[in-house]
Each structure stands twice: as C-alpha cells, then as structure tokens.
Amino acid sequence: MINLDDTELVAKVADGDERAFLVLYDRYASRVHALTLRILGEPMLAEEATQDTFFKLWSRARQYLAERGSLLVWLLTIARRTALDRLRLEGRRPTLSDSEDPETTWQSIASEDSLTSEARWRSMYFAVQSLPEEQRQVIELAFYQGMSQSEIAEVLGWPLGTVKSRMRSAMESLRREWRKDDSE
Amino acid sequence: MTDNHLLFRENLSAYALGALDADETAALQVHLQTCDSCRAELADYQRVSAGLLSALPPQTPRPALKRTLAARLPSAKKSVRPRWQLQWSFGQFAIATAFALLLGMNLFSSFQMRALQSQQAELARQLEMEQTALAMIASPGAYTLPVSDGNVAGSLIVNREKNSAILILSNLPELKKGETYQIWFIEPDDGRVSAGLFNVNHDRNITIASLASNEALQAYTGIGVTIEPAGGSDQPTGPKVFGVEF
C-alpha cells in the first residue's frame with residue numbers, strides 16, 4: 001500500500017479504503033499542517049483545519065482529477081481555503097471564496113505541465129524570503145491571510161495604487177524565478 | 001490591445017493570489033474568456049501561486065491528530081458504543097451513581113426487613129411452642145418420656161386427654177441444605193404416619209417440635225424421627241435419628 005502512487009491511493013480512498021487514506025495522511029500531513037499553521041498561527045486551530053482538510057479528501061476523493069494537477073497541490077488548495085474560512089469564522093478575516101465548489105478549486109490551480117518536482121517549489125520559499133520587505137508583506141497578507149488589495153492598503157495604511165504596484169513587482173520577481181528554474 | 005486589456009493584465013497577478021475585490025474578479029473573468037494572452041500570462045502566475053502553497057517547511061502535527069482522524073472513520077464509528085453512553089457528563093454520572101446506590105440500599109433494606117420478619121415469625125413460633133410445652137408439662141394428664149439416642153437428648157411430653165404431644169430436644173445435629181427432620185407415629189402393625197416436619201434452630205440449644213395427629217394418640221405405639229428430603233416424605237426413606245415408645 002505504501003508504495004502506491006498518489007493517483008492509485010486516491011482511487012482507493014474514493015472506494016472507501018481507510019488504509020489508503022491513512023497512507024496519504026502520513027505522506028502529506030506535514031505539508032498541509034505547515035500551510036494551515038502559517039495561515040492560522042495557532043496550533044490548535046491549525047490542527048482542526050488540517051483535520052478538516054483530510055476529511056474533505058476522504059469525502060471528495062472522487063472529485064480529484066490527476067490530469068488537472070498533483071494531489072499535493074489539490075490538497076494544499078483545499079487546506080488554504082479551509083484555513084482562510086476558519087479565519088473568517090474567527091472574525092479575523094473577511095470571506096475569501098466558496099471552498100465547497102470543486103471546480104473553483106481546480107480553477108485556481110496551475111495546469112499540469114507546471115507540476116513537476118517539489119524541489120523547485122521549495123526554492124519558492126527562498127525566493128519569497130529574498131523579496132524586498134514591502135513586497136514580501138503584500139504577498140504574505142494576500143496569500144496566507146486571504147486579504148484583498150483594498151484590505152491590505154487599509155491594514156498597512158498604504159495607498160491602494162502602492163499595494164497594487166508592489167504586488168505586481170513581487171509576483172513578477174517570483175515568476176522570473178520560476179521561469180529561471182524552468183530553463184535550468 | 002485596448003486600454004482595458006492593459007488594466008486587466010495589471011490585475012492578473014493579484015487574481016492568481018486571490019487578492020482582487022469581487023467586482024474586479026468578475027470583470028477579469030469575463031475578459032479571460034476572450035483573451036488568450038491574458039490566459040497564458042495568468043497560467044504563469046498560477047504556477048507561482050501553486051509554488052507558494054508548498055513553499056513552507058513541513059510541520060508535523062501531533063500524533064494525536066492522526067488518532068482522532070482514524071477514530072472518525074466509518075470502521076471506527078461502527079465499533080464505538082452508542083454516543084449517549086460515551087458522553088455522560090460528570091453530573092449525569094454522579095446522579096446515576098447516586099440513584100444506583102439508593103436503589104441498592106433500598107433492595108438491601110427490603111431483604112433485611114424480610115429476613116427480620118422471618119426471624120421474628122420463627123421466634124414467635126418458638127415462643128408459642130415453649131408456652132405450649134410449659135402448659136402441657138403443667139397440665140394434670142401429661143407425662144414425659146425420655147429421649148436418649150447417642151448425642152441427642154430430650155423429652156417427649158404427651159397429653160392423651162388433649163391428644164397432643166411435643167418434642168423438646170437438645171444436641172440435635174444441623175442438617176444439610178435440602179434435608180428436614182420428619183416425625184412419624186408408629187402404628188401397631190408397624191405402619192408409619194407422618195406427624196410433622198421440623199428443623200434445628202441453630203441459634204438455640206433446644207429444639208421444640210409439635211406433633212400433629214388426626215387420630216387419638218392411643219392408636220399409636222410410639223414415634224420415630226428420620227431425616228428426609230426437604231418437604232418430607234409419605235413414608236420414611238432416610239436414616240432413623242431416634243425413637244420413643246409410648
């Protein structure tokens with residue numbers, strides 16, 4: 001069971017195989033939890049969001065389409081929405097999106113050809129860390145706190161135009177970094 | 001390229017981060033349906049977003065989380081007891097315990113009361129027998145016959161005028177459960193007629209038993225006592241304990 005790939009395991013989970021489900025948990029719990037902890041900040045809340053994410057995997061396994069992207073990205077996309085919804089419930093953030101709609105989940109995921117090695121994605125961590133502080137701030141508030149540009153402008157006390165330009169600059173830097181990895 | 005296209009293009013990166021307001025999001029989604037270059041550029045930004053999802057050092061959750069998760073799977077739910085049994089609060093548990101204790105105490109008291117009533121009835125019966133025995137001894141027509149057989153000793157008090165007799169015994173062995181002493185009248189032709197059952201009163205040294213007869217005592221030549229199954233027998237079946245001739 002432990003040697004099966006993600007697609008095979010998800011197919012088994014869709015058929016109600018609990019062992020396959022727990023293998024996937026062992027495989028990805030630390031990745032999901034890292035994201036929910038980053039978004040929610042509190043370990044207990046993060047564990048609840050991690051748990052909810054895996055229950056969604058259990059109940060929605062049939063919605064996963066391997067040709068649309070990797071299981072990890074699908075799972076992390078669900079985890080991000082779950083954690084951001086929890087932030088909203090806690091009254092800490094406005095609602096972001098409808099996390100129950102599977103098609104919405106797929107729309108925000110990059111196409112299959114981009115989903116290559118994880119080592120590349122880890123390099124993204126260092127790329128974000130190397131951004132100028134004001135650019136890194138807007139990326140973190142938008143992506144890990146679910147804030148819109150207007151809300152970021154309000155929170156940071158910056159003009160909306162400044163937020164937009166810093167966000168574009170940050171994303172362009174990260175995109176270049178991604179393409180550089182692509183060409184290597 | 002129109003000015004609008006440039007405005008939409010500027011929003012692509014924010015859209016990939018989910019950072020546009022609702023009205024901007026809706027307008028861009030309409031534009032994307034007809035603009036190939038914006039869709040291509042958006043795909044690049046979405047790759048960056050996907051990278052951001054996993055661009056965090058792994059954080060292992062506590063092992064308890066997996067146990068919690070496993071416990072909520074269908075197979076675990078099938079094996080757990082009904083929810084109401086598991087979710088008693090401390091208060092509910094305390095009330096239930098107190099109720100069970102009260103019920104137990106009531107039952108115990110009830111059993112004790114019945115035992116006391118039974119003892120009281122036995123004492124009353126013994127007292128009545130003793131009074132009868134005393135009355136018989138004191139009555140003019142009564143006479144006493146000795147009982148002596150091994151360790152058993154006592155007297156048979158007979159009053160032919162009143163057609164009654166009483167056994168007063170000491171050192172009579174206590175019987176096993178399911179056994180009883182049975183008294184027999186002995187007929188002249190050696191027949192036996194039951195004269196009653198009795199058991200040893202182990203709280204006292206003396207056992208008193210009254211003999212019952214439908215016939216005049218003159219019809220019998222004596223009495224005998226045997227050990228019989230509880231409830232008695234029609235004829236003697238067990239060992240003889242002692243006998244007394246009139």
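The expected span of a helix is 1.5 Å times one less than its number of residues. That rule is needed at one stop of this tour, which runs through a predicted model.

**Chain A**

Select chain A and colour by secondary structure. Nine helices and zero strands appear, and the order along the sequence reads α-α-α-α-α-α-α-α-α. Chain A has 184 residues, of which 50% are buried. Now display the contacts within chain A between residues at least 6 apart in sequence: 61% of them link residues that are at least 24 apart.

**The contact between the chains**

Show both chains and select the residues where they touch. The selection should hold 53 residues from chain A and 40 residues from chain B. The size of an interface is often given as the accessible area lost when the parts come together. Here chains A and B bury about 4500 Å² between them, with 63% of that area on carbon and sulfur atoms.

Next, look for the polar and charged pairs across the contact. Between chain A and chain B there are six salt bridges. One to pick out joins B:R62 to A:E47, where the closest N and O atoms are 2.8 Å apart. Twelve residue pairs, both residues at pLDDT 80 or more, are in polar contact between chain A and chain B.

Hide chain B and keep the side of chain A that touches it. Helices that each supply at least two residues to this side are α2 (18–40), α3 (43–60), α4 (71–89), α6 (118–129), α7 (133–143), α8 (149–156) and α9 (160–183) of chain A. Which helix gives the most to the side of chain A that touches chain B? Select α2(A): the helix contributes 13 residues, the most to this side. Coloured by residue class, the side of chain A that touches chain B splits into 29 nonpolar, twelve polar and twelve charged residues.

**Two helices of chain B**

Bring chain B back and select B:S13, in helix α1 (residues 3–17) of chain B. Is B:S13 buried or exposed? Its relative accessibility is 2%, so B:S13 counts as buried, the cut-off being under 20%. Beyond its neighbours within four places in sequence, B:S13 touches A:M167, A:R168 and A:M171, together with B:Y45.

Move on to helix α3 of chain B, residues 36–53. This helix has 18 residues and reaches 26 Å from its first C-alpha to its last, close to the 26 Å expected at 1.5 Å a residue. Turn on the surface of the surrounding residues: 14 of the 18 residues of α3(B) are buried, so the helix is largely enclosed by the rest of the structure.

**Strand β4 and the loop after it**

Select B:E179, in strand β4 (residues 179–186) of chain B. B:E179 is partly exposed, with a relative accessible area of 27%. Draw a distance from its C-alpha to that of B:E228: the two residues are 49 apart along the chain, and the atoms are separated by 5.7 Å. Leaving aside neighbours within four places in sequence, B:E179 is in contact with B:N199, B:I227, B:E228, B:P229 and B:A230.

The last stop is B:D190, in the loop between β4 and β5 (192–198) of chain B. Most residues other than glycine have a negative phi. B:D190 is not a glycine, yet its phi is positive, at about 75°. With a relative accessible area of 54%, B:D190 is exposed.

Methods: Residues are numbered from 1 along each chain as its sequence is written. Chains are lettered from A and ligands numbered from 1 in the order in which they are written. This is a predicted model: local features need pLDDT of at least 70, side-chain atom pairs count only at pLDDT 80 or more; totals for chains, interfaces and linings use all residues. Side-chain values use heavy atoms; hydrogens and water are left out. Contact means heavy atoms within 4.5 Å. Buried area is the accessible area (1.4 Å probe) that two parts lose on being put together, summed over both. A salt bridge is a side-chain nitrogen of Lys or Arg within 4 Å of a carboxyl oxygen of Asp or Glu. A polar contact is a pair of N or O atoms within 3.5 Å; within protein, one must be able to donate a hydrogen and the other to accept it, and residues adjacent in sequence count only if both atoms are side-chain atoms. Helices (H or I, at least four residues) and strands (E, at least two) are DSSP runs, numbered from the N terminus. Ala, Val, Leu, Ile, Met, Phe, Trp, Tyr, Cys and Pro count as nonpolar, Asp, Glu, Lys and Arg as charged, and the others, Gly among them, as polar. Buried means under 20% relative accessible area, exposed over 50%, partly exposed in between (1.4 Å probe, protein chains only).
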